[in-house]
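This report is written for a reader who is beginning to study how helices pack in a protein. Please keep the sequence and the structure in view while reading.

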Amino acid sequence: WQQVSGSTASELPDLEEPVAVETKEETEQDEDEPPDTSEYTPIAAPDDVSARRLRAIRNAFIHAWNGYETWAWGSDELKPLTNGTVTWLGGSGLWIVEALGTAHIMGLSDLVERASTFIERDMVFQRPKASFFESTIRLLGGLCSAYSLTGKQDILTRAEEVGSRLLRAFNQANNIPTGTADLTGRTPANKFMGQAR
């Protein structure tokens, strides 16, 4: 990613048709046998085409990041047509959490640092009834991925904090979580937590 920065998406030409593959002459084989693909040789796209595609994707991501940072920083989502915001997880900055991994893969270290700083210092949880499912796969999963990529201990601490708050959705005798979770942390633990039924 770092090697292909510098062009904007508007500079890109129309891209060629999907790349085909070359194969050696087909040989007769039993109908029950799977085809032998070990000798297929992919035809790589020209380097300049691959680089332009990477630049276009990278620039699209940076454009989305800049819009979010300008209009919705700290909110969970940006409404791109109105520049409005959505805060359905209560100030957790869900978009930042989900975008951090992509920024890391693209080599955008300055964006990774800004995202990490928000998670470590400014992330708050003010939603008493948040979707347990969405909070688990997007917020907790995003934080775990961010820690895996960056190794930052403060992000792991945040993941543990979210996990402990989500755990309280299991406050039932049957140990099946409720559909919503109190991310504020105000819901007390009870005698059923941690007990198998």
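## Overview

What percentage of the 197 residues in the protein do buried residues make up? The answer, computed from a predicted model, is 30%. A residue is called buried when its relative accessible area is under 20%.

The secondary structure comprises 5 helices and 6 strands. Along the sequence, these elements follow the order β-β-α-β-β-α-α-β-α-α-β. If one takes the contacts between residues at least 6 apart in sequence, 57% of them join residues at least 24 apart.

## Helix α5 and its buried face

Helix α5 covers residues 153-167, which is 15 residues. From its first C-alpha to its last, α5 reaches 21 Å, close to the 21 Å expected at 1.5 Å a residue.

Which residues of α5 are buried? They are Ile-155, Arg-158, Ala-159, Val-162, Arg-165 and Leu-166. Viewed down the axis of α5, these buried residues fall within an arc of 125°, and therefore they line one face of the helix. The cover over the buried residues of α5 includes three helices, namely α2 (94-105), α3 (109-122) and α4 (132-150), together with the strand β6 (180-181).

## How α4 and α3 pack against α5

In general, two packed helices are described by the angle between their axes and the distance between the axes. For α4 and α5, the axes come within 8 Å and cross at roughly 160°. Because of this angle, α4 counts as roughly antiparallel to α5. The contact involves many residues of α4, including Phe-132, Ser-135, Leu-139, Leu-143 and Tyr-147. On the side of α5, the residues in contact include Ile-155, Ala-159, Val-162 and Leu-166. The crossing of these two helices, α4 and α5, is left-handed.

The axes of α3 and α5 come within 9 Å and cross at roughly 50°. This angle is why α3 is described as oblique to α5. From α3, the contact is made by Ser-116, Ile-119, Glu-120, Arg-121 and Asp-122; from α5, Asp-154, Ile-155 and Arg-158 take part. The crossing of α3 with α5 is also left-handed.

## Ser-135 in helix α4

Ser-135 lies in helix α4 and is among the residues of α4 that contact α5. Is Ser-135 buried or exposed? Ser-135 counts as buried because its relative accessibility is 0%. Leaving aside residues up to four places away in sequence, Ser-135 touches Leu-89, Ala-130, Leu-140, Leu-166 and Leu-183.

## Helix α2 and Leu-94

In helix α2, the buried residues are Leu-94, Ile-96, Val-97, Ala-99, Leu-100, Gly-101 and Ala-103. The elements that cover them include α1 (47-71), α3, α4 and α5. Just after α2, Gly-107 takes a positive phi of about 75°.

Leu-94, a residue of α2, is buried, with a relative accessible area of 0%. Residues up to four places away in sequence aside, Leu-94 touches Ser-75, Asp-76, Trp-88, Leu-89, Arg-138 and Leu-139. Leu-94 and Gly-142 are 48 residues apart in sequence, while their C-alpha atoms are 8.5 Å apart in space.

## The crossing of α1 and α3

Helix α3 also meets α1: the axes of α1 and α3 come within 12 Å and cross at roughly 35°. Their crossing is left-handed. Which residues of α1 and α3 meet? Phe-61, Trp-65 and Glu-69 in α1 meet Leu-111, Arg-114 and Ala-115 in α3.

## Two residues outside the helices

Most residues other than glycine have a negative phi. Asn-83, however, has a positive phi, near 60°. Where does Asn-83 lie? Asn-83 lies in the loop between β3 (77-79) and β4 (84-86). With a relative accessibility of 30%, Asn-83 counts as partly exposed.

Arg-186 is found in the segment after β6. Arg-186 is exposed, since its relative accessible area is 63%, and the cut-off for an exposed residue is over 50%. Along the chain, Arg-186 and Arg-165 are 21 residues apart, and their C-alpha atoms are separated by 8.7 Å. Arg-165 is one of the buried residues of α5.

How values were computed: Residues numbered from 1 in each chain as written. Predicted model: local features only at pLDDT ≥ 70, side-chain atom pairs only at ≥ 80, totals over all residues. Heavy atoms only, no water. Helix = DSSP H or I, 4+ residues; strand = E, 2+ residues; numbered from the N terminus. Expected span 1.5 Å × (residues − 1). Buried < 20%, exposed > 50% of the residue type's maximum accessible area, 1.4 Å probe, protein only. Arc of directions from axis to C-beta. Contact = heavy atoms within 4.5 Å. Axes fitted to C-alpha atoms, helices over the stretch in contact; angles between N-to-C directions. Parallel < 35°, antiparallel > 145°, perpendicular 65-115°, else oblique. Left-handed = near helix turned anticlockwise from the far one by under 90°.
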